[in-house]
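This report goes through backbone geometry, charge pairs, surface, cysteines and pockets in turn. Please keep the sequence and the 3D view at hand.

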Amino acid sequence: MNIFKEMVLSVYSYKSYKDFLKNKKSKVFGFGLMLMLIYFAVTMIIPPLVRNIGSDSLAEQIEKNVPDFELKDGYLWVDDVIEYEGGGNYVYIDTDPEYYFYDADEMKQYLYDYSTVILMDSEKIIVKSNGKVEGLYFSDIEFDFNKETLLNLVPFVYVIVAIVYIFMYIWMTALFFFGVLVVALLGMIVASCMKYQLTFGQLYLLGIYSRTLPLIIKAVHSLLPFNIPFFFVINFGVSLLIIGCAIQKMKERNLQKPLEFTS
């Protein structure tokens with residue numbers, strides 16, 4: 001039986017769970033990896049791709065929205081004066097050599113009305129963030145930078161994003177298998193109450209399959225504009241309910257075994 005057919009059966013066919021126990025551990029582990037890959041794609045990769053359909057690429061956005069600039073020999077030149085104010089944020093950039101800000105300490109008294117501030121003149125940048133005001137002189141920067149250099153970095157940005165996504169998938173998958181551990185531990189209580197003997201290893205394997213439906217629900221929940229109270233409890237409760245139904249089917253199949261007669 002292939003993995004994708006098992007994913008479908010794990011949602012509604014509780015009698016199939018006994019057959020799942022016959023799978024090799026490597027196949028069950030692969031099932032978990034594939035299940036998390038699908039969940040990760042649906043919740044983390046596809047939504048931003050859909051939102052950006054028809055939008056300009058990062059390089060095109062830089063070309064359109066970032067003015068020509070050059071940082072060279074400790075001085076910044078920007079082709080235009082930039083000013084933005086909104087949502088508690090303020091940005092002002094003016095690199096005219098005749099225009100300058102005071103240093104960071106002296107500017108503090110002018111920045112109280114904003115939560116985030118970025119100020120730039122030809123010699124320095126002043127940033128206010130998280131209640132702190134800090135300044136940096138461009139003469140302390142030991143490299144030159146301009147718009148063309150920024151555009152050349154775009155491919156590396158995509159590589160970094162891909163690496164970040166890989167680490168996110170690994171982290172979420174590790175949390176998935178840890179969650180299955182919790183399900184297996186609670187499943188021991190369920191099996192004990194139902195008077196059906198299963199080893200912890202068997203319950204762990206069943207726990208992996210029992211996470212299919214909760215992950216579907218979780219994916220849908222992530223797309224909703226509101227939160228469901230106690231969703232964490234509901235999410236794991238569904239897995240335990242599935243394990244309970246699977247155990248009940250196993251008990252019924254054991255009762256339906258034909259009697260063996262010996263002469």
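Where is Lys195 found? Lys195 is found in the loop between helix 7 and helix 8 (200-210). The model is a predicted one.

**Backbone**

Most residues other than glycine have a negative phi. Lys195, although not a glycine, has a positive phi of about 55°. Lys195 is also exposed, at 72% relative accessibility. Phe230 is another non-glycine residue with a positive phi, near 55°. Phe230 sits in the loop between helix 9 and helix 10, and at 68% relative accessibility Phe230 counts as exposed.

**Salt bridges**

Side chains of opposite charge can pair when their charged atoms come close. The count of salt bridges in this model is seven. Three pairs are listed here with their N to O distances and the relative accessibility of each partner.

| Lys | Asp | N to O distance |
|---|---|---|
| Lys22, 65%, exposed | Asp19, 29%, partly exposed | 3.6 Å |
| Lys64, 61%, exposed | Asp56, 30%, partly exposed | 2.7 Å |
| Lys124, 4%, buried | Asp121, 0%, buried | 2.7 Å |

In the pair of Lys124 and Asp121, Lys124 is buried with a relative accessible area of 4%, and Asp121 is buried at 0%. In the pair of Lys22 and Asp19, by contrast, Lys22 is exposed and Asp19 is partly exposed. The pair of Lys64 and Asp56 likewise joins an exposed lysine to a partly exposed aspartate. Apart from such pairs, salt bridges also link Glu63, Asp68 and Lys147 in a network.

**Nonpolar surface**

Which residues form a nonpolar patch on the surface? The patch is formed by Phe4, Ile38, Val42, Ile45, Ile46, Leu49, Val50 and Ile53, and together they have about 720 Å² of accessible area. Helix 3 (residues 25-51) provides the largest share of this patch, with six residues. Val50 has its place in helix 3.

**Cysteines**

How many disulfides does the structure hold? The number is zero. For Cys193, the closest cysteine sulfur is in Cys245, 15 Å away, and a disulfide needs the two sulfur atoms within 2.5 Å, so this pair is too far apart for a bond. Cys245 is accordingly in no disulfide, with the sulfur of Cys193 as its nearest cysteine sulfur. Cys193 is exposed, with a relative accessible area of 59%, whereas Cys245 is partly exposed at 27%.

**Largest pocket**

Rolling a probe the size of a water molecule over the atoms shows where empty space is left. The largest pocket has a volume of about 370 Å³. Its lining has 15 residues, and those nearest the centre of the pocket are Leu175, Arg211, Lys218, Phe232 and Phe236. Which helix gives the most to the lining of the largest pocket? Helix 7 does, with six residues. At least two lining residues come from each of helix 3, helix 7 (154-193), helix 9 (212-223) and helix 10 (231-255). Helix 3 thus takes part in two of the features described: it supplies residues to the lining of the largest pocket, and it provides the largest share of the nonpolar patch.

Terms used
Residues are numbered from 1 along each chain as its sequence is written. This is a predicted model: local features need pLDDT of at least 70, side-chain atom pairs count only at pLDDT 80 or more; totals for chains, interfaces and linings use all residues. Side-chain values use heavy atoms; hydrogens and water are left out. A salt bridge is a side-chain nitrogen of Lys or Arg within 4 Å of a carboxyl oxygen of Asp or Glu. Buried means under 20% relative accessible area, exposed over 50%, partly exposed in between (1.4 Å probe, protein chains only). Patches are made of residues with over 30% relative accessible area and no salt bridge: like charges are joined within 9 Å, nonpolar side chains (Val, Leu, Ile, Met, Phe, Trp, Tyr) within 5 Å. Accessible areas come from the Shrake-Rupley method with a 1.4 Å probe; for residues, only the protein chains shown count as cover. Helices (H or I, at least four residues) and strands (E, at least two) are DSSP runs, numbered from the N terminus. On a 1 Å grid over the protein atoms alone, a cavity is a set of points where a 1.4 Å probe fits but cannot get out, and a pocket is an open set with protein on both sides within 12 Å along at least five of seven lines; lining residues have an atom within 4 Å of a point. Grid points are joined across faces, edges and corners, and a volume is the space filled by probe spheres set on the points.
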